[in-house]
Amino acid sequence: MSDPAIATATQQILMAVQRPEQRPVVKTFFDEKTFTASHVVHDPQTLTAAVIDSVLDYDPASGHIKYDSAQEIVDYVHAEKLQVAWQLETHAHADHLSAAPWLQEQLGGKLGIGANIVQVQEVFGKIFNADTRFARDGSQFDHLFTDGEQFKLGNLNAIALHVPGHTPADMAFIIGDAAFIGDTLFMPDYGTARADFPGGDARMLYRSIRRLLTLPAETRLFLCHDYKAPHRDTYAWETTVGAERAHNVHVHEGVSEDDFVNMRTSRDATLALPNLIMPSVQVNIRGGHMPEPEDNGTSYIKIPINKL
Ligand SMILES: [Fe+2]
């Protein structure tokens with residue numbers, strides 16, 4: 001094993017699998033409008049929790065926002081008497097708005113994302129011609145995770161891994177024996193995340209996925225999205241490293257990097273942009289905050305013509 005971060009993670013997970021008290025409890029909230037799985041993960045011993053990839057309800061026709069989906073998370077956290085230590089984002093999402101700032105007000109927790117968010121802020125700051133009030137230094141977040149960074153969730157060992165490809169800043173958070181892998185792998189019957197957004201890279205995505213697949217086979221994987229594969233009637237968001245290695249339709253064992261890149265690139269060329277990419281990106285690169293209000297006190301979402 002040449003990669004020290006992965007080696008450390010593997011070691012921790014092997015320990016976790018052997019010790020049931022290192023198995024976190026995971027509750028998932030699925031938003032059918034954006035096909036997003038938000039996860040609340042907690043240490044059963046200390047009740048310390050993290051909220052991962054929350055969703056803000058946004059109606060693009062009216063520009064109205066609501067907190068119904070986020071409220072479900074608040075209700076669950078209260079019912080289970082959890083203490084939220086983290087609001088984590090695996091990346092700056094392009095298909096839904098984050099509810100992290102509102103959840104932070106309700107539940108607390110530090111807002112964390114990958115350190116390369118500054119690259120994403122730079123790229124989209126230019127595309128949306130953001131003014132100087134938009135800082136491109138990640139300062140909208142409380143913590144910027146680096147590759148291999150270790151942290152604790154209560155008594156559980158956790159590690160952040162940089163898994164770029166879908167965006168340059170994607171992170172996977174491995175907590176005990178559970179890995180929250182954002183937009184990298186999807187369910188084995190559906191495949192992988194797209195890699196064609198600004199800053200995306202199919203080759204990098206392949207390498208990040210291969211890295212994740214070096215984790216022990218029994219590692220539980222929690223995904224950020226599901227779109228139901230053909231012939232599947234229900235949404236699913238949990239699988240294992242072993243199942244992905246054996247069955248993932250895009251990257252099962254034996255698929256070469258070049259074959260993956262060819263497949264991914266030609267498939268991405270057929271995909272429309274997500275419905276909510278314009279509002280999502282503008283809000284999520286600001287840590288889930290709306291763009292700075294104009295002189296009448298109102299925030300606006302911009303739509304650049306012929307830019308994306
Ligand atoms: Fe995404």
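Biologist: Is the crossing of helix 5 and helix 7 left-handed or right-handed?

Modeller: Right-handed, in this predicted model. The near helix is turned clockwise from the far one by less than a right angle, and that is what the word requires.

Biologist: What angle do the axes of helix 5 and helix 7 make, and how far apart are they?

Modeller: The axes of helix 5 (residues 202–212) and helix 7 (residues 257–268) cross at roughly 125 degrees and come within 9 Å.

Biologist: Why is helix 5 called oblique to helix 7?

Modeller: Set the angle against the classes. Roughly perpendicular ends at 115 degrees, and roughly antiparallel needs over 145. The crossing is at roughly 125 degrees. That makes helix 5 oblique to helix 7.

Biologist: Which residues of helix 5 and helix 7 meet?

Modeller: From helix 5, A202, R203, L205 and Y206. From helix 7, E257, F260, V261, R264 and T265.

Biologist: What makes helix 2 and helix 3 roughly parallel?

Modeller: Helix 2 (residues 68–79) packs on helix 3 (residues 100–107) at about 30 degrees. The class takes angles under 35 degrees. The two helices are therefore roughly parallel to each other. Their axes are 10 Å apart, and this crossing is right-handed.

Biologist: Which residues make the contact between helix 2 and helix 3?

Modeller: A70, I73, V74 and V77 on the helix 2 side. W102, L103, Q106 and L107 on the helix 3 side.

Biologist: What do helix 2 and helix 3 pack on?

Modeller: Helix 2 lies across strand 1, strand 2, strand 3 and strand 6, and runs at about 160 degrees to strand 1. Helix 3 packs on the sheet as well, touching strand 3, strand 6 and strand 7 (110–114). The direction of helix 3 makes about 170 degrees with that of strand 6.

Biologist: In what order do the strands of that sheet run?

Modeller: The order is 1-2-3-6-7-8, six strands in an open sheet with mixed pairing.

Biologist: What makes strand 1 and strand 8 edge strands?

Modeller: Strand 1 (25–31) and strand 8 (143–145) each pair on one side only. Neighbouring strands of the sheet are turned by 25 degrees against each other on average, direction ignored.

Biologist: How do you know that strand 2 pairs with strand 3?

Modeller: Count the bridges. Pairing takes at least two. Strand 2 (residues 36–42) and strand 3 have four, in the antiparallel sense. H42 is bridged to A49, and V41 to A50. The two strands form a hairpin with five residues between them. L47 in that turn has a positive phi of about 65 degrees.

Biologist: And how many bridges join strand 1 to strand 2?

Modeller: Seven, again antiparallel. D31 has T36 as its bridge partner. This hairpin has four residues between its strands, and F35 in the turn has a positive phi of about 60 degrees.

Biologist: In which sense does strand 3 pair with strand 6?

Modeller: Parallel, over five bridges, with strand 6 at residues 83–88. A49 stands opposite V84 there.

Biologist: Why is strand 3 called largely enclosed?

Modeller: Five of the five residues of strand 3 (residues 48–52) are buried, so the rest of the structure largely encloses it. Both faces are covered: T48, A50 and I52 on one side, A49 and V51 on the other.

Biologist: What makes strand 2 largely enclosed?

Modeller: Seven of its seven residues are buried, so strand 2 is largely enclosed by the rest of the structure. T36, S38, V40 and H42 point one way, and A37, H39 and V41 the other way.

Biologist: Why does G154 count as buried?

Modeller: The cut-off is 20 or more other C-beta atoms within 10 Å. G154 has 20 C-beta neighbours inside that distance, so it counts as buried. G154 lies in the loop between strand 9 (149–153) and strand 10 (156–162). Beyond four places in sequence, G154 contacts D43, Q45, T46 and T48.

Biologist: What makes helix 8 mostly covered?

Modeller: Six of the eight residues of helix 8 (residues 277–284) are buried. They are P279, S280, V281, Q282, V283 and N284. The cover includes strand 4 (57–59) and helix 4 (117–127).

Biologist: How many residues does the largest nonpolar core have?

Modeller: It has 78 residues. A172, F173, I174, A179 and L223 have the most contacts inside it. Leaving aside neighbours within four places in sequence, I174 touches A9, I13, A158, I159, L161 and A179.

How values were computed. Residues are numbered from 1 along each chain as its sequence is written. This is a predicted model: local features need pLDDT of at least 70, side-chain atom pairs count only at pLDDT 80 or more; totals for chains, interfaces and linings use all residues. A nonpolar core is a set of buried Ala, Val, Leu, Ile, Met, Phe, Trp, Tyr and Cys residues joined through C-beta atoms within 7 Å. A residue is buried if 20 or more other C-beta atoms lie within 10 Å of its own, exposed if 12 or fewer, and partly exposed in between; C-beta atoms are placed from the backbone. Two residues are in contact if their C-beta atoms, placed from the backbone, lie within 7 Å. Axes are lines fitted to C-alpha atoms, for helices over the stretch in contact, and angles run from 0 to 180 degrees between N-to-C directions. Angles under 35 degrees count as roughly parallel, over 145 as roughly antiparallel, 65 to 115 as roughly perpendicular and the rest as oblique.
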